[in-house]
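These are my notebook entries on one protein model, written down in the order in which I looked things up.

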Amino acid sequence: MFKSILVPIDLADTDLAKPAIATAATLSQTWSAVVRLLNVLPMTPVMLAEYVPADFDEQQRQTSEEALAIVARESGIDPSRISSVVRQGGIYHEILEEAVHMKADLIVMTSHRPAMRTYFLGSNAGHVVRYAKCSVLVVRH
């Protein structure tokens with residue numbers, strides 16, 4: 001049923017991503033699916049550009065790629081079935097773009113327990129659920 005699964009991860013809170021990774025690992029094993037971990041880096045605000053090193057974005061990307069490699073190794077998913085990618089831009093926009101790019105059948109992501117202002121879903125999860133062209137599984141943390 002699912003052949004390609006996208007798992008967006010916030011590297012600032014990897015504990016939040018663990019349930020989504022575990023779910024993707026189970027689905028990957030069940031359906032022989034490939035899994036792609038995704039981290040989205042925010043754009044550096046123009047007003048801060050003069051205060052950060054010239055290669056700041058590249059340093060951020062490299063750090064994120066290394067962290068994703070560690071998460072992939074610790075995921076329990078067969079190394080031949082897992083990959084990772086770092087994109088830069090708006091979170092939900094980049095998640096949706098990567099899903100289209102990799103022809104994802106499923107996006108598995110976590111969402112915080114709702115507070116009053118995000119009662120049903122977090123804003124990024126909500127956008128992904130509304131606009132994704134594939135199935136989306138939201139795992140509550």
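Entry 1, contacts across the chain. I began with the contacts in this predicted model, and I noted that, of those with a separation of 6 or more, 78% are accounted for by residues 24 or more positions apart. I also looked up burial, and found that buried residues make up 36% of the 141 residues in the protein.

Entry 2, the elements. I found four helices and five strands in the protein, and reading from the N terminus on I wrote down their order as β-α-β-α-β-α-β-α-β.

Entry 3, the sheet. How are the five strands ordered in the sheet? I read the order as E3-E2-E1-E4-E5, in an open sheet with parallel pairing. Strand E3 (82–88) and strand E5 (135–140) are the edge strands, and each of them pairs on one side only. Neighbouring strands of this sheet are turned against each other by 25° on average, with direction ignored. As a reminder to myself, I add that the strands of a sheet pair through backbone hydrogen bonds, either parallel or antiparallel.

Entry 4, one residue followed closely. I chose Ile5, which is found in strand E1 (residues 4–8), and asked whether Ile5 is buried or exposed. Ile5 counts as buried because its relative accessibility is 0%, and the cut-off for buried is under 20%. Leaving out residues up to four places away in sequence, I listed what Ile5 touches, and among them are Ala24, Leu27, Val35, Met102 and Leu106. For Val35 I checked the C-alpha to C-alpha distance to Ile5, which is 4.7 Å, although the two are 30 residues apart in sequence. Leu106 is also the bridge partner of Ile5 in E4, and I noted that E1 and strand E4 (residues 106–111) pair in the parallel sense over two bridges.

Entry 5, helices on the sheet. Helix H2 (residues 56–74) packs on the sheet, where it touches strand E2 (34–41) and E3, and its direction makes about 155° with that of E3. Helix H4 (residues 123–131) also packs on the sheet, touching E4 and E5, and its direction makes about 155° with that of E4.

Entry 6, a pocket. I then turned to the second largest pocket, whose volume is about 150 Å³. Which helix gives the most to its lining? It is helix H3 (residues 91–101), with three residues. The lining includes Leu96, Ile107, Tyr131 and Cys134 as well as Lys103 and Lys133, and by type its residues divide into eight nonpolar, no polar and two charged.

Key. Residues numbered from 1 in each chain as written. Predicted model: local features only at pLDDT ≥ 70, side-chain atom pairs only at ≥ 80, totals over all residues. Heavy atoms only, no water. Buried < 20%, exposed > 50% of the residue type's maximum accessible area, 1.4 Å probe, protein only. Contact = heavy atoms within 4.5 Å. Pairing = 2+ DSSP bridges. Axes fitted to C-alpha atoms, helices over the stretch in contact; angles between N-to-C directions. 1 Å grid on protein atoms, 1.4 Å probe; cavity = no way out; pocket = protein on both sides within 12 Å on 5 of 7 lines; lining within 4 Å. Points joined across faces, edges and corners; volume = space filled by probe spheres on them. Nonpolar A, V, L, I, M, F, W, Y, C, P; charged D, E, K, R; others polar.
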